[in-house]
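Me: I am new to reading models like this one, and I would be grateful for a careful look at a single part of it. Could you explain in connected prose what surrounds that part?

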Amino acid sequence: MAEVHETNIRVQQVPRSRLPEVDLKNISFGTIFTDHMFQADSVEGSWTDLQLLPYGPVQFNPALMALHYGQAIFEGMKAFRTVDNEVVLFRPRANFERFNISAERMCMPVTTEEVFMEGLFRLIDMDRDWVPGFDNSSLYVRPFMYATDQFLGVRPSHTYRFAIICSPAGAYYSKPLRVKIEKHYTRSAKGGIGYAKAAANYGLSLLPTKLAQEAGFDQIIWTDAVNHEYVEEAGTANFMFVIDGTLVTPPVKDTILKGITRDSIVTLVRSWGMEVQEREVAVSELVEAMEKGRLQEAFAVGTAATVTHISEIGHEDRVYRLPAVEKRELAPRILETLNDIRYGRAEDPFGWMVKV
Ligand SMILES: Cc1ncc(COP(=O)(O)O)c(C=O)c1O
């Protein structure tokens with residue numbers, strides 16, 4: 001609890017929780033929200049009006065700047081219920097730091113410790129009964145910020161709303177993914193906003209993803225914006241694979257979101273004494289490895305995706321089938337270890353879990 005100190009947050013509680021009406025074992029991702037939310041407003045760079053209040057609709061004027069010029073950012077993290085019935089957050093400070101990196105890139109105010117961290121801990125504490133207590137479940141936590149000036153000129157807004165909402169969650173993907181190496185559309189360019197968790201990055205991904213799904217795939221492997229020569233990310237997750245027994249993942253840079261799951265896995269696998277290569281990977285190298293049967297595993301890693309196997313990779317007119325999931329060793333070991341740490345079944349040697 002070292003993360004929290006008391007502050008000036010106004011609290012309005014719901015008269016009656018909606019929790020008894022919810023079957024936590026049967027919910028699809030992102031559809032159910034907890035009783036409360038946190039919000040704060042930034043006016044000319046100062047945070048005011050910190051509140052914990054019932055989850056519900058927000059009123060705004062049609063000229064709201066976020067809707068017109070896209071100053072909107074978010075984060076995604078998870079709280080878990082451990083086997084000892086404690087509620088813990090996975091590396092929340094990393095999300096706080098990345099949120100402020102996104103804010104700076106989008107010309108938005110950074111959040112303070114008091115607004116982001118204390119709002120987060122107080123909200124989760126208030127809605128702690130909503131954190132599910134069975135395997136593969138969690139409370140998905142969504143901090144976000146958007147521009148609130150009512151104005152149609154193009155400039156940074158002077159006012160912003162920061163809020164946090166929470167949604168109980170099971171698995172995001174229920175089966176291994178078929179992915180397509182994208183050679184036409186681009187998610188992110190050098191000098192752009194790919195490293196920020198900006199809403200715009202997700203809006204632009206929808207059409208290419210829909211087209212890939214119409215062609216029979218689940219997700220896209222994004223490639224660089226210059227020549228589509230190097231692989232970058234796996235949909236809304238980072239991309240990892242095993243070639244000749246070595247874990248390989250593209251390096252984080254301004255076109256790639258610096259995933260907290262990715263960083264945790266790199267740390268974990270290195271702690272096992274195994275080599276991890278963070279390096280540029282050409283599409284041609286990946287294709288050659290698939291043709292020669294040297295690509296043993298491929299998987300997507302992220303907060304929502306956790307560790308999701310990739311079963312097939314499409315490139316141009318060919319679809320390569322990867323080794324059967326049952327034959328894979330590294331991704332299952334990573335997932336099991338991460339889950340053991342998150343649910344309190346194993347030691348947390350890296351100090352990732354923070355008690356609420
Ligand atoms: C584009 C993108 N890349 C990577 C990730 C993985 O990041 P993290 O592990 O911090 O959730 C995400 C979010 O889940 C994402 O949206």
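Reply: Helices (H or I, at least four residues) and strands (E, at least two) are taken as DSSP runs and numbered from the N terminus. The model is predicted, so local features need pLDDT of at least 70 and side-chain atom pairs count only at pLDDT 80 or more, while totals for chains, interfaces and linings use all residues. Residues are numbered from 1 along each chain as its sequence is written, and side-chain values use heavy atoms, with hydrogens and water left out.

The part to follow is strand β7, which covers residues 138-147. Because eight of its 10 residues are buried (under 20% relative accessible area, with a 1.4 Å probe and protein chains only), β7 is largely enclosed by the rest of the structure.

Its pairings, where DSSP must find at least two bridges between two strands, help to place it. Strand β8 (residues 159-169) runs antiparallel to β7 and is joined to it by 10 bridges, and in this pairing S138 stands opposite A169 of β8. Strand β4 (residues 72-74) is also antiparallel to β7, with three bridges between them, and here F74 faces F144 of β7 as its opposite residue. Strand β5 (residues 77-81) likewise runs antiparallel to β7 through three bridges, with M77 having V141 of β7 as its bridge partner.

For a contrast with the buried residues of β7, look at F60, which lies in the loop between β3 (46-54) and α1 (65-69). Its relative accessibility is 48%, and therefore F60 counts as partly exposed, a class between buried and exposed, the latter meaning over 50%.
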